[in-house]
Amino acid sequence: QEWNDSVFPVYYLDLLNFRSISNAIATLFQITHESPQVLVIKNGQCTYHASHQSIEAASVLAEINN
């Protein structure tokens with residue numbers, strides 16, 4: 001399945017320049033900050049997160065389409 005960011009927006013956060021935003025996101029969604037990391041946010045909730053070698057495109061797409 002193809003990624004379509006017009007249906008589901010994708011954001012990149014530069015942690016070196018915006019660490020305070022990263023910390024706020026971790027607090028808001030009650031997750032531990034890691035880098036690299038993928039979060040899926042639906043209806044204001046973090047429904048999926050993975051980091052490092054646990055990041056799999058198929059799993060992210062499955063969560064988005066769930």
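**A pocket, a hairpin and a small core**

Hi everyone! Let's start with the pocket: α1 (19-28), β1 and α2 each supply at least two residues of the lining of the largest pocket. Please keep in mind that this is a predicted model.

Which element gives the most to that lining? β1 does, with five residues. The space in this largest pocket comes to about 780 Å³. There are 25 lining residues, and the closest to the centre are Tyr11, Leu13, Gln37, Val38 and Leu39.

Now let's follow β1 (37-42) to its partner. β1 and β2 run antiparallel, and six bridges join them. If you want one pair to look for on screen, find Leu39, whose bridge partner in β2 is His49. The two strands make a hairpin with two residues between them. In that turn, look at Asn43, which has a positive phi of about 50 degrees.

Next comes α2. Which of its residues are buried? Val60, Leu61, Glu63 and Ile64 are. They sit on the same side of α2, because they cover an arc of only 160 degrees around the axis. And what covers them? The cover includes β1 and β2.

That brings us to the largest nonpolar core, with five residues: Val40, Tyr48, Ala50, Val60 and Ile64. β2 (45-51) and α2 (57-65) are the elements that give two or more residues to this core. In soluble globular proteins, nonpolar side chains tend to be buried together.

Finally, take a look at Val40. Leaving out residues up to four places away in sequence, Val40 touches Phe8, Gln45, Cys46, Thr47, Tyr48, Val60, Glu63 and Ile64. Thanks for listening!

Technical notes
Residues numbered from 1 in each chain as written. Predicted model: local features only at pLDDT ≥ 70, side-chain atom pairs only at ≥ 80, totals over all residues. Heavy atoms only, no water. Core = buried A, V, L, I, M, F, W, Y, C linked by side-chain atoms within 4.5 Å. Buried < 20%, exposed > 50% of the residue type's maximum accessible area, 1.4 Å probe, protein only. Helix = DSSP H or I, 4+ residues; strand = E, 2+ residues; numbered from the N terminus. Contact = heavy atoms within 4.5 Å. Arc of directions from axis to C-beta. Pairing = 2+ DSSP bridges. 1 Å grid on protein atoms, 1.4 Å probe; cavity = no way out; pocket = protein on both sides within 12 Å on 5 of 7 lines; lining within 4 Å. Points joined across faces, edges and corners; volume = space filled by probe spheres on them.
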